[in-house]
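Please guide me through this protein model, beginning with its pockets and moving on to its core, its helices and its unusual backbone positions.

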Amino acid sequence: MTSLAQTLSGPNRNVLAISLAGLATVAVLAANTSGWRLGAAVVIGGFAGLALYHASFGFTAAWRRLVTEKRGGGLRAQFLLILLTSAVSFPLIAWGAAFGMPTGGFVFPFGIAAAIGAFAFGVGMQLGGGCASGTLFTAGGGSTRMMVTLAAFIAGSVAATPHMHLWGQLPKLPAVSLVSEFGPLGAYAATAAVLALIALWSVRMEKRAHGSLAEPRATVSYLTGPWSLVAGAVAIALVGIATFIVLGRPWGITSGFALWGAKILQGLGVTVTDWPYWQWQKGALEASVFADATSVMNFGILFGAMAAAALASKYAPVWKLSGRDLATAILGGLLMGYGARLAYGCNIGAYLGGIASGSLHGWLWLVFGFMGSLVGTRLRLKLGMG
């Protein structure tokens, strides 16, 4: 095992220094632009990147293993993450304002457009090799293929924005908040019951297929990794809870990608402000990117994952990619970007953020996103991607 002293005396020392300097710079810029809350959001994002990398906590591989290997440990870790986050977010949404902590959830209507978007995202995450958070932490950790996926993700996100007003005209169910309907305790009990039933089903399936549950990965080092899935779930739940407390809303990722793409197009002379989607967000386009909470958290994730890779002595980008790798990274990123805009976000903003807000749309996103993941998994197998 590589010691910390060896890590800090080798090539990864420079990578670690760059990542920490980048994280500090973004935090200072965010704080100077919009106050301490955005500066704190960068630090939260940095911790998220560290945790995601060390725990290899992705939604994509967990869903794929459930289908191809009948192993459900990753799915159950996601449920632990949701329950830990919701234990704090539900009371904050219901009662936070009374204690000087006004907190809002992501509660949106869900209809045909969102179903198509979630399905497309599910396909894209398997082809691209990672979800939104997975794309960020693996790109930050030095994966050149995921850097391509990230670029395509940004392109797909902004490409959806000219059409959002058209998609919005399709039929949809009304927004439903379980917290408003049943109160935070009732909503939590219902959430826990449904997740427990799915988790028990996954346990029975895994035992039938293998005779026993897979031996869980142990945490070797909290500084240099790797971490267990449980440790990752706890750490990422802390990220979600801290986001609720500091920003007053759930953790999100993909709206930042759309903003980055729009700013790039604007810089190239495209009048994106003619699009209805951006007419409602002219302030974001005119302001510094460091004034956008989602963007600065994303920067934090990239630098946090970079630091984690350096601490693990694993930051070593490979610049040669096959044609298949490039094609699937681009297609997967485009599908995820476009789909996320239609479906109110990704696995973090819509799935985790939606369910942790007590919103029905989070559950429906899970259903259609998982269906898309099934198709994407089959496509991976046909393409020989495993």
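A helix here is a DSSP run of H or I that holds at least four residues, and helices are numbered from the N terminus. The model is a predicted one, and every value below is computed from it.

With that numbering, helix 12 makes the greatest contribution to the lining of the second largest pocket, with 4 residues. This pocket has a volume of about 380 Å³. Its lining comprises 21 residues, and those closest to the centre are S255, G256, Y277, T294 and R341. Helix 12 (254-267) and helix 13 (276-279) each supply at least two residues of that lining. By character, the lining residues of the second largest pocket divide into 10 nonpolar, 8 polar and 3 charged.

The largest pocket has a volume of about 1,000 Å³. A total of 44 residues line the largest pocket, and A55, S56, F57, R217 and L229 lie nearest its centre. Two or more lining residues come from each of helix 3, helix 4 (60-68), helix 5, helix 7 (132-140) and helix 11. Helix 5 gives the most to this lining, with 5 residues. The lining of the largest pocket consists of 18 nonpolar, 19 polar and 7 charged residues.

From the pockets the account turns to the interior. In soluble globular proteins, nonpolar side chains tend to be buried together. The largest nonpolar core of this model has 87 residues, of which F57, F121, W251, I253, Y351 and W365 touch the most other members. Helix 15 (residues 293-311) gives the most to this core, with 12 residues. A second, separate core has 11 residues, including M164, A258, W275 and W278. F121 illustrates the contacts of a single side chain in detail: leaving aside residues up to four places away in sequence, F121 touches C131, A132, F153, L335, M336, G339, A340, C346, N347 and W365.

Helix 11 can be checked for its length. The 19 residues of helix 11 (residues 229-247) should span 27 Å at 1.5 Å a residue, because the expected span is 1.5 Å times one less than the number of residues. The end C-alpha atoms of helix 11 are 26 Å apart, which agrees with that expectation. The buried residues of helix 11 are A231, G232, A233, A235, I236, A237, V239, G240, I241, T243, F244 and V246. Among the elements that cover these buried residues are helix 3 (36-55), helix 5 (73-95), helix 15 and helix 17 (347-356). Just after helix 11, G248 has a positive phi of about 75°.

Helix 11 also takes part in enclosing a cavity. The count of cavities of 30 Å³ or more comes to 1, and about 40 Å³ of space lies in the largest cavity. Its lining is formed by T85, G240, F244, P250, W251, I348, L352, G353 and A356. Helix 11 and helix 17 are the elements that give two or more residues to this lining, and the largest share, 4 residues, comes from helix 17. The lining of the largest cavity has 6 nonpolar residues, 3 polar residues and no charged ones.

Helix 16 passes the length check as well. For its 20 residues (323-342), 1.5 Å a residue leads to an expected span of 28 Å, and the end C-alpha atoms are 29 Å apart, which agrees. In helix 16, the residues T328, A329, G332, G333, M336, G337, G339, A340, R341 and L342 are buried. These buried residues pack against helix 6 (112-128), helix 7, helix 8 (144-160), helix 9 (164-167), helix 12 and helix 13. Just after helix 16, Y344 takes a positive phi of about 65°.

The last topic is the backbone of the loops. Most residues other than glycine have a negative phi, and most peptide bonds are trans. K70, in the loop between helix 4 and helix 5, has a positive phi near 55°. K70 counts as partly exposed because its relative accessibility is 39%, between the limits of 20% and 50%. S313, in the loop between helix 15 and helix 16, likewise has a positive phi, of about 55°. At 28% relative accessibility, S313 is therefore also partly exposed. The peptide bond from G225 to P226 is cis, with omega near -5°, and P226 lies in the loop between helix 10 and helix 11.

Conventions: Residues numbered from 1 in each chain as written. Predicted model: local features only at pLDDT ≥ 70, side-chain atom pairs only at ≥ 80, totals over all residues. Heavy atoms only, no water. Core = buried A, V, L, I, M, F, W, Y, C linked by side-chain atoms within 4.5 Å. Buried < 20%, exposed > 50% of the residue type's maximum accessible area, 1.4 Å probe, protein only. Contact = heavy atoms within 4.5 Å. 1 Å grid on protein atoms, 1.4 Å probe; cavity = no way out; pocket = protein on both sides within 12 Å on 5 of 7 lines; lining within 4 Å. Points joined across faces, edges and corners; volume = space filled by probe spheres on them. Nonpolar A, V, L, I, M, F, W, Y, C, P; charged D, E, K, R; others polar.
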